[in-house]
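Morning, everyone. Please bring the new model up on your screens. I will keep this short.

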Amino acid sequence: MQATGNNQNQSYILSIRLRADGLSFYGCNTAQAGQVAIEHYPYAGRTAVETLRQALDRSPMLRECDSPTTYALTDSPSMQVPLECFRKEDVHTLYRLTYAQEKTGKTYYNILPHLEVAQIFTVDPETEHLLRLAFPGIRFYHSHSMILEKLWLLQRQDSPKTLYACFDGNQAFLFCYKEQKLQYANTFPADKADNAAYFLLSVWKGLGLDAGEDTCVLAGRGEAKDETALRLERFLPHVRNTEATDIFRRSALARNPQVPFDLLALLVHVI
């Protein structure tokens, strides 16, 4: 288990993005701003560990890079615990209390120091074991960890209260800060604009946000994102449908449309 960190002496970074339908390798040479090599490996009826084993054997990227700094990014179910209530020896118990029906996995956590929360999540144990054998120094992050931390850092203290909706494929991660703390975080289906708008407006109402004063920011990428923004504009006057370059303005990687938003938030943090 590990907390988040920062290393300024890296030259080549390999990121392994673990998803429900497959895994992807993203190779980034920090000396070549904005350039990323990408390899996708869908499961296609195989298990995650079988797909990973095949990818490790066949990957041209891995043959070309020597001992890269390696990160794994997973979108498994997660939970946030205030640091004042957090004890690392209890992370597995806490996770199982929340997700009793989930398949048992290797439990990890990321410490988000500015938000003062711990993000707890799991990784498939066979996949985790193989990754550690192949990359002994690998570090595991949840896909929401650096999104939550970096967006908090980029939000000015005098900004209007904001509900963020970060799209990723057919899901949207909704979150909101209040008085410099994390007030709300949850994931909803976003396969269709009507569904995404319904869940977002329900959360907006539940949080008691003010349509006249507060803002809704859509980030990330998803097929329903642009249409959702149009739906929301009928009800909310302050809707911002952003691109990665609007948020991470100083990062050359933000101009690469093939870099997912969660991976971008992580790379901006570690490079």
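I will go through the overall fold, then the surface and charges, then the cysteines.

A quick caution to begin. This is a predicted model.

Fold first. The protein chain has nine helices and 13 strands. Its radius of gyration is 19 Å, and the globule rule gives 18 Å for 271 residues. Those two values are close, so the chain is as compact as a globular protein of that length. What does the C-alpha trace span along its principal axes? About 55 × 40 × 40 Å.

Now the contacts. Take those with a separation of 6 or more. In the protein chain, 58% of them join residues 24 or more positions apart.

Next, inside and outside. Of the 271 residues, 51% are buried. The accessible surface of the protein chain is about 13600 Å². Carbon and sulfur atoms account for 47% of that surface.

Charges next. The protein chain carries 28 positive and 31 negative charges. How far apart are their mean positions? They are 2 Å apart.

Last, the cysteines. How many disulfides does a search of the whole structure find? Zero. Why does Cys 28 have no such bond? The closest cysteine sulfur is in Cys 65, and it lies 12 Å from the sulfur of Cys 28. That is too far for a bond, because a disulfide needs the two sulfur atoms within 2.5 Å.

One more point on cysteines. Is Cys 28 buried or exposed? Cys 28 is buried, at 4% relative accessibility. Cys 85 is exposed, with a relative accessible area of 52%.

That is the tour. Thank you.

Notes
Residues numbered from 1 in each chain as written. Predicted model: local features only at pLDDT ≥ 70, side-chain atom pairs only at ≥ 80, totals over all residues. Heavy atoms only, no water. Buried < 20%, exposed > 50% of the residue type's maximum accessible area, 1.4 Å probe, protein only. Helix = DSSP H or I, 4+ residues; strand = E, 2+ residues; numbered from the N terminus. Rg over C-alpha atoms; globule rule 2.2 N^0.38 Å. Contact = heavy atoms within 4.5 Å. Areas by Shrake-Rupley, 256 points an atom, 1.4 Å probe, with all protein chains shown as cover. Lys, Arg positive; Asp, Glu negative; His and termini not counted. Charge placed at Lys NZ, Arg CZ, Asp CG, Glu CD.
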